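User: Hello! I am new to this structure and would like to get to know one part of it well. Could you take me through a close look at a single site and what lies around it?

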Amino acid sequence: MPSSGIFISFEGIDGAGKSTHIEALASALRAQGRTVVLTREPGGTPLAEKLRALLLHDAMDPLCEALLMFAARRDHLQQVIEPALARGEVVLCDRFTDATFAYQGHGRSFDLNTLATLEHWVQALPHGGVRQPDLTLWFDLDPAIAAERLAGARVPDKFEAQPVAFFRRVAAGYADRLSKDPGRFARVDAQGTLETVREAVLDACRTRPWWQEQAP
Ligand SMILES: Nc1ncnc2c1ncn2[C@@H]1O[C@H](COP(=O)(O)OP(=O)(O)O)[C@@H](O)[C@H]1O
Ligand SMILES: Cc1cn([C@H]2C[C@H](O)[C@@H](COP(=O)(O)OP(=O)(O)O)O2)c(=O)[nH]c1=O
């Protein structure tokens, strides 16, 4: 049981269904009387949203991209995530550090050890340890299906415009992160209908001890 609030991240390749399902989980948690903060990365604060605009639309080298992702994350943690968790709230975050390992690390082949160093700096807790989500919902979907879902749905940004081969590497990156911390992850089969996926998300939460706990 987390000592403060509950931190849940939503992960997966673009078009896997994260944004669609984050709202449904927020509603279910609010119905339990909890206060829910819905946020996203890169972004979630005025500064981090400015960095998001650069990251999603400007060309840059992989180190610059990784540093800006973590700079945005640092501000987001300090301004939004840590204060909300300290108040005992639930933070639902559309992407967190697993995305950096999957996209910059596996997608762009950036050095994973450097990312791990940045992760430890940026997510360090004042009394030791490293902030990580209590639960990471990984929406696992075949990149070809995700591409079909996205076609025509919105104007692609820098990442969404990548070929299917890039997203296959990103998906392998998520699988690698899961294998290193299986207790934190729940893999959600994102191929089903909206209703099936919604139930899978709720099922993944129902198995966690905090689901039954009284809201503070
Ligand atoms: N289970 C599903 N079946 C069919 N289409 C879906 C499903 N989940 C999401 N979609 C559609 O796929 C597109 C991408 O979903 P979205 O939630 O924006 O993905 P993400 O946030 O992971 O990029 C949207 O048009 C959404 O309506
Ligand atoms: C958080 C994060 C996101 N990204 C990428 C993945 C996405 O393509 C993009 C923005 O994520 P996202 O908010 O999921 O995009 P959208 O709202 O359009 O669905 O940023 C990284 O490459 N590294 C990261 O660390």
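Analyst: **The surroundings of ligand 1**

Helix α1 gives the most to the shell around ligand 1, with 3 residues. Before going further, please note that this is a predicted model, in which local features need pLDDT of at least 70 and side-chain atom pairs count only at pLDDT 80 or more, while totals for chains, interfaces and linings use all residues. Residues are numbered from 1 along each chain as its sequence is written, while chains are lettered from A and ligands numbered from 1 in the order in which they are written. Helices (H or I, at least four residues) and strands (E, at least two) are DSSP runs, numbered from the N terminus.

How many residues surround ligand 1? There are 14, and Gly17, Lys18, Ser19, Thr20 and Arg149 are the closest; a residue counts as near a molecule or strand if its C-beta atom, placed from the backbone, lies within 6 Å of it. At least two residues of this shell come from each of α1 (18-31), α6 (143-150) and α8 (194-206). Sorted by class, the shell holds 5 nonpolar, 6 polar and 3 charged residues. In this sorting Ala, Val, Leu, Ile, Met, Phe, Trp, Tyr, Cys and Pro are nonpolar, Asp, Glu, Lys and Arg are charged, and the others, Gly among them, are polar.

Part of this region also carries a label from a record. An unreviewed UniProt entry has a "binding site" annotation that covers Gly12, Ile13, Asp14, Gly15, Ala16, Gly17, Lys18 and Ser19. UniProt positions follow the numbering used here, feature names are shortened, and annotations may be inferred rather than shown by experiment.

Let us visit two residues of that stretch. Asp14 sits in the loop between β1 and α1, and Ser19 belongs to helix α1. Which of the two is buried, and which is partly exposed? Asp14 is buried because 23 other C-beta atoms lie within 10 Å, whereas Ser19 is partly exposed, with 13. The rule is that a residue is buried if 20 or more other C-beta atoms, placed from the backbone, lie within 10 Å of its own, exposed if 12 or fewer, and partly exposed in between. Setting aside neighbours within four places in sequence, Asp14 is in contact with Ala146, Leu150, Phe159 and Glu160; contact requires C-beta atoms, placed from the backbone, within 7 Å of each other.

Helix α6, one of the contributors to the shell around ligand 1, also holds Ala147. Ala147 is partly exposed, since it has 19 other C-beta atoms within 10 Å. Its touching partners, not counting residues up to four places away in sequence, are Gly15 and Val164.

Now step back to strand β1 (residues 6-12), where 7 of the 7 residues are buried. From β1, Ile6, Ile8, Phe10 and Gly12 point one way, while Phe7, Ser9 and Glu11 point the other. Strand β1 pairs in the parallel sense with β3 (residues 90-94) over 5 bridges, and Ile6 stands opposite Val90 there. Strand β1 also pairs in the parallel sense with β4 (residues 135-140), over 5 bridges, with Ser9 opposite Thr136. Two strands are said to pair if DSSP finds at least two bridges between them.

Residues of these strands turn up again in the interior. The largest nonpolar core has 39 residues, and those with the most contacts inside it are Ile8, Val91, Leu92, Leu137, Phe139 and Val188. Apart from that core lies another, of 9 residues, including Leu51, Leu55, Phe70 and Ala72. A nonpolar core is a set of buried Ala, Val, Leu, Ile, Met, Phe, Trp, Tyr and Cys residues joined through C-beta atoms within 7 Å. In soluble globular proteins, nonpolar side chains tend to be buried together. Leaving aside neighbours within four places in sequence, Leu137 is in contact with Ile8, Phe10, Glu11, Ala186, Val188, Val201 and Ala204.

For comparison, ligand 2 has 16 residues around it, with Glu41, Ala99, Thr100, Tyr103 and Phe159 coming nearest. The largest share of that shell, 4 residues, comes from helix α4 (residues 97-107). The shell around ligand 2 divides into 6 nonpolar, 3 polar and 7 charged residues.

Technical notes:
Two residues are in contact if their C-beta atoms, placed from the backbone, lie within 7 Å.
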